[in-house]
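Please open the structure in your viewer and keep the sequence beside it, since this tour moves from one selection to the next. Each stop says what to select and then what is found there.

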Amino acid sequence: GIKGHPHRFRHSVAVNMLDAGSSVEDVALVLGNSPAIVAKYYSAFVQSRQERIDREIQKSWTVKKLVRVK
């Protein structure tokens with residue numbers, strides 16, 4: 001009675017593990033992938049990761065130092 005494609009469940013497991021703080025390496029081990037594949041295909045969907053990146057970007061806006069571009 002369960003509907004859905006197996007990859008949808010795989011994706012859910014990966015994203016839920018990453019969102020709960022599991023390392024990319026641990027998720028890769030569970031999925032049987034390399035850490036690079038996990039980072040490429042699953043990390044982008046982790047809300048806590050995106051929120052952390054947003055905070056880091058906002059902190060950089062408060063810096064008043066100009067960076068020289070060659």
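Which residue just after H2 takes a positive phi? Select Gly32, which follows directly on H2 and has a positive phi of about 80°. Before going further, bear in mind that what you have on screen is a predicted model.

**Helix H2**

Now select helix H2, residues 24–31, and colour Val27, Ala28 and Leu31, which are buried. These three cover an arc of only 100° around the axis, which puts them on the same side of H2. Turn to the other side of H2, and there you will find Leu29 and Val30, both of them exposed. If you then ask what lies over the buried residues of H2, the cover includes helix H1 (6–19) and H3.

**Helix H1**

Move next to H1, a helix of 14 residues that reaches 20 Å from its first C-alpha to its last, close to the 20 Å expected at 1.5 Å a residue. Its buried residues are Ala14, Val15 and Leu18, and, seen down the axis of H1, they fall within an arc of 90°, so they line one face of the helix. On the other side of H1, select Pro6 and Asn16, which are exposed. The cover over the buried residues of H1 includes H2 and H3. After H1 comes Gly21, whose phi is positive, near 105°.

**The nonpolar core**

Which residues make up the largest nonpolar core? Select Ala14, Val15, Leu18, Val27, Ala28, Leu31, Val38, Tyr42 and Val46 together, and you have the nine residues of this core. H1 and H2 each supply at least two of its residues. As a general background to this stop, nonpolar side chains in soluble globular proteins tend to be buried together.

Within this selection, centre the view on Leu18 and show what surrounds it. Leaving aside residues up to four places away in sequence, Leu18 touches Ser23, Val24, Val27, Val38, Tyr42, Ser43 and Val46.

**Ser43 and its loop**

From Leu18, step across to Ser43, which lies in the loop between helix H3 (35–41) and helix H4 (47–61). Is Ser43 buried or exposed? Ser43 has a relative accessible area of 6% and is counted as buried, because that value is under the 20% limit. Again leaving out residues up to four places away in sequence, Ser43 touches Leu18, Val24, Val38 and Arg49.

**Ala36 on helix H3**

Now go to helix H3 and select Ala36, which is found there. Unlike the buried Ser43, Ala36 is exposed, with a relative accessible area of 56%. To place Ala36 against another part of the chain, draw a distance to Asp19: the two are 17 residues apart in sequence and 17 Å apart in space, C-alpha to C-alpha.

**The salt bridge in helix H4**

How many salt bridges does a search of the whole structure find? The search finds one, and to see it you should select Lys59 and Glu56, whose side chains meet at 3.2 Å, N to O. Lys59 and Glu56 are three residues apart in helix H4, and therefore they are separated by about one helical turn. Glu56 is partly exposed, with a relative accessible area of 41%.

Note on methods: Residues numbered from 1 in each chain as written. Predicted model: local features only at pLDDT ≥ 70, side-chain atom pairs only at ≥ 80, totals over all residues. Heavy atoms only, no water. Helix = DSSP H or I, 4+ residues; strand = E, 2+ residues; numbered from the N terminus. Buried < 20%, exposed > 50% of the residue type's maximum accessible area, 1.4 Å probe, protein only. Contact = heavy atoms within 4.5 Å. Arc of directions from axis to C-beta. Salt bridge = Lys/Arg side-chain N within 4 Å of Asp/Glu carboxyl O. Core = buried A, V, L, I, M, F, W, Y, C linked by side-chain atoms within 4.5 Å. Expected span 1.5 Å × (residues − 1).
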